[in-house]
Amino acid sequence: MRKQDLGFDYHRYHRLLREADNENKRLALIELLIEEKARDRLAAQRASDRAAMTARTIATVLRNGRN
């Protein structure tokens, strides 16, 4: 069994699934899951971009310090 993701709110999603007793609620739940996953991926990409920019800045500063 996989460990739960730290950002995955198992109890919340379980409650929403239990409440999804008709087609509209099930579709809304699916849309919510897709939306939240997209938001998480965007946040991860932004963090990666920030780390890359920081590394580039540090490399530039160190390179300029040698001259």
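**Two helices and their salt bridges**

Glu23 has a relative accessibility of 47%, so this residue counts as partly exposed. That value, like the others here, comes from a predicted model. Here's the quick tour: the chain has two helices and zero strands, and a search of the whole structure turns up four salt bridges.

**The chain overall**
- Of the 67 residues in the chain, 6% are buried.
- About 6400 Å² of the chain is exposed, and carbon and sulfur atoms supply 56% of that area.

**Salt bridge in helix H1**
- Glu19 and Arg15 join their side chains in a salt bridge, at 3.5 Å from N to O.
- The two sit four residues apart in helix H1 (residues 10-19), so about one helical turn separates them.
- Glu19 is partly exposed at 39% relative accessible area, and Arg15 is also partly exposed, at 34%.

**Salt bridge in helix H2**
- Glu23 pairs up with Arg26 through a side-chain salt bridge, 3.7 Å from N to O.
- Both residues belong to helix H2 and are three residues apart, or about one turn of the helix.
- Arg26 comes in at 37% relative accessibility, which makes it partly exposed.

**Lys25 and Asp21**
- Lys25 and Asp21 also meet in a side-chain salt bridge, with 3.4 Å from N to O.
- Lys25 is partly exposed at 41% relative accessible area, while Asp21 counts as exposed at 57%.

**Leu33 and Tyr13**
- Leu33 is part of helix H2 (residues 23-66) and is partly exposed, with 34% relative accessibility.
- Leu33 and Tyr13 are 20 residues apart along the chain, and 8.6 Å lies between their C-alpha atoms.

Notes. Residues are numbered from 1 along each chain as its sequence is written. This is a predicted model: local features need pLDDT of at least 70, side-chain atom pairs count only at pLDDT 80 or more; totals for chains, interfaces and linings use all residues. Side-chain values use heavy atoms; hydrogens and water are left out. Buried means under 20% relative accessible area, exposed over 50%, partly exposed in between (1.4 Å probe, protein chains only). Accessible areas come from the Shrake-Rupley method with a 1.4 Å probe; for residues, only the protein chains shown count as cover.
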